[in-house]
Amino acid sequence: MAATMAIGGSAEVVDDVLGRLHRENFRSLVRLAYLLSGDQSRAEEIVQDAFVRLQLRWGGLRNPEAAPAYLRRAVVNEARSHLRHRQVVDRHDARRTVEPASRSPEDEALAEADRRRIVEAMRQLPDRQREALALRFYLDLSEADTAAAMKVAAGSVKTHVHRGLATLARLLDEERSR
Amino acid sequence: MTEDRFDEDRLRSALHAGAGEVDPDEVTSLSTIRQRGRAAIRRRRAIAGGVGALVLVAAAAVIIPQLGADEQSVIIEPGPQTTTTIGPIPTTTSTVPTTTPPLDMTPYLWPPPGHDQYTDPTEAARSFATEYVDLPDPMLGAPRAAEPRLVEIDVLAQDENGRPFDGRIWSTLQVAQTADGTWRVRSAASEEVVIESFTASATSVTMAGRGNGFEGTMNASALDADGNRLGESVVTVLCCEGPQPFETTFAVSGLPSSLLLVSSTGLESGSAFSALPNAPAVVGTAVQVYFVGSDGTVQPQIRHVEPPAVLNGALAALFAGPSADEHMTTALPEAAATMTPAATIAGGEATVDIPIALAQPDPSQPGAVLPVDQADLVIEQLTRTVFQFDNLTAVTFELGGSCEDFGRWTGHRGECRFERS
């Protein structure tokens, strides 16, 4: 994710830096947005929005190395907003659609069906827990970087991760017992 | 068996595998991002100028005027940093020493004349947010320097309890400093509700733009200079996520000073808002005219003059004097406001003939000499206004057709011809 950049300067320089940032971050950010929002078609838009916002704020970045962190934070924010919106729309339309979880055996832990169950269970977590788990275990960010992306104190990350893992275990256990 | 905690490696594997199913089109996306970014920057700049899209199109045109009786071709790029190229006369690379020019403050949103003026940009922004937009207790970000004399201040989104809402921004205000040091809000721009164009008369307003389509509505308003509503319209955006195009026409009870568009979705867009002054269409070329600021120094102000006679236009604007809300003065005698000097250009030199009536009594009479300080300021106002055009290398001032009379009028210096320094 680290990129050596020169922020500011001519349009060509900005384009070049943008291209490099995109090359190094776009795919992983779209996948992060998918894990956070659960919406594959929206994930790409969320990340595009983040890149567009970055261009608008180009001159406001004090530290060039902060661009990837800015993008992560923007994706987290946007995904959270998208989820809230979707929840309101779902309530409004009274037709919330949650795909039925797979009933695959637990011993197929890493099998396709089980992965789907885990990813689906992630979506039932509270926002902060889901974000902490995705940033820590998908992007493999440090606690400090995770805290920056979530705009929370570093100490809170540990709490959110701990609670997230516990909630995930409970959700999967409840599902198995149904 | 119940797990107290989910296994981290199992989660990591599941997340990577699940996310790996998503395979975005990176080539197309980069192109899209660049296009959207450039469009967004263009929109922001358009709003920064406080003018509508149509005005921008007009301002982008290159004007090819003729100057004076000599019919020399002049190519002028509009804008405060006007450059003039006169061919076939050799050009000079010397520049007129200038202070940072003020931004064009002719169109602005807040505060109105007669209202408290603000020496702090944040206070100007806060007053705008509370009195103009009607936000009860706005949260503002720190001012960010955007250009000389221009800062951007975010109005931060708040939840129903008034706390920051996800770090989101309702609108970004552009707050500019006037020549007298006070700050004014020039525009407000949101990425979620955008005024793209409008036409406004004393009876109706038509506004077009884009707004967030999260099942929401927007409120389009026309306001007078004091922030009172002259008319409004509820705009419903149907379907779809993301900003959707709209157009609305509504009646107003007078010619509006500004247009305001406020989101009322109540979702993440909260009360995003955009506002633009109802600036008259800017016709012509931006030039600088020099007046005397409150600190006694000569400072530029922006005027738009109609080509081709841009030098004559600039001098006419100089003689007309500063407007009341510019809080500046002029060293030219009061009678200048009723007079128009005449400029001609030949060989890269300008000759500016000033009506004799400006000097009272007649400069041929004893005592008809400007005080030293006033004379210096008059000459500085005149020469700076002339030498903003890079290709003028010298100027001769005449009073009633007489170079000597101008020299006598300005007393102690006795000069009427000035060369670019």
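**Exercise 1. Work out what caps the N-terminal end of α1(B), and which side of this helix is covered.**

Solution. Start with the cap: B:Asp7 sits at the N-terminal end of α1(B), with a side-chain oxygen 3.2 Å from the backbone nitrogen of B:Asp9. Keep in mind that this is a predicted model.

Next, check the helix itself. α1 of chain B covers residues 8-19, 12 residues in total, and spans 16 Å from first C-alpha to last, close to the expected 16 Å.

Now list its buried residues, taking buried as under 20% relative accessible area. They are B:Arg10, B:Leu11, B:Ala14, B:Leu15, B:Gly18 and B:Ala19. These residues cover an arc of only 145° around the axis, so they end up on the same side of α1(B).

**Exercise 2. Find the strand order of the open sheet in chain B that has 4 strands, and say which strands stand at its edges.**

Solution. Go across the sheet: the order is β18-β19-β20-β21, with mixed pairing. β18 (342-346) and β21 (417-419) of chain B each have a single partner strand, so one side of each has no neighbour in the sheet. On average, neighbouring strands here are turned by 20° against each other, ignoring direction.

Then zoom in on one edge. β20(B), residues 394-399, runs antiparallel to β21(B), and 3 bridges join the two. Want one pair to look up? B:Ala394 has B:Glu419 in β21(B) as its bridge partner.

Finally, add the helices. α6 of chain B (residues 372-387) packs on the sheet and touches β19, β20 and β21 of chain B, its direction making about 135° with that of β20(B). α5 of chain B (residues 310-320) lies across β18 and β19 (349-354) of chain B, at about 150° to β18(B).

**Exercise 3. Decide whether the faces of β14(B) are covered or open, then identify the strands joined to β14(B).**

Solution. Count first: β14 of chain B, residues 258-263, has 6 of its 6 residues buried. Then sort them by face. B:Ser258, B:Leu260 and B:Val262 are on one side, B:Leu259, B:Leu261 and B:Ser263 on the other, and all are buried, so both faces are covered.

Now for the partners. β11 of chain B (residues 217-223) runs antiparallel to β14(B), with 6 bridges between them. Within that pairing, B:Met218 has B:Ser263 as its bridge partner. β15 of chain B (residues 273-277) is also antiparallel to β14(B), joined by 5 bridges. Here B:Leu261 stands opposite B:Ser274.

Methods
Residues are numbered from 1 along each chain as its sequence is written. Chains are lettered from A and ligands numbered from 1 in the order in which they are written. This is a predicted model: local features need pLDDT of at least 70, side-chain atom pairs count only at pLDDT 80 or more; totals for chains, interfaces and linings use all residues. Side-chain values use heavy atoms; hydrogens and water are left out. The expected span of a helix is 1.5 Å times one less than its number of residues. Buried means under 20% relative accessible area, exposed over 50%, partly exposed in between (1.4 Å probe, protein chains only). The arc is that of the directions from the helix axis to the C-beta atoms. A polar contact is a pair of N or O atoms within 3.5 Å; within protein, one must be able to donate a hydrogen and the other to accept it, and residues adjacent in sequence count only if both atoms are side-chain atoms. Two strands pair if DSSP finds at least two bridges between them. Axes are lines fitted to C-alpha atoms, for helices over the stretch in contact, and angles run from 0 to 180 degrees between N-to-C directions. Contact means heavy atoms within 4.5 Å.
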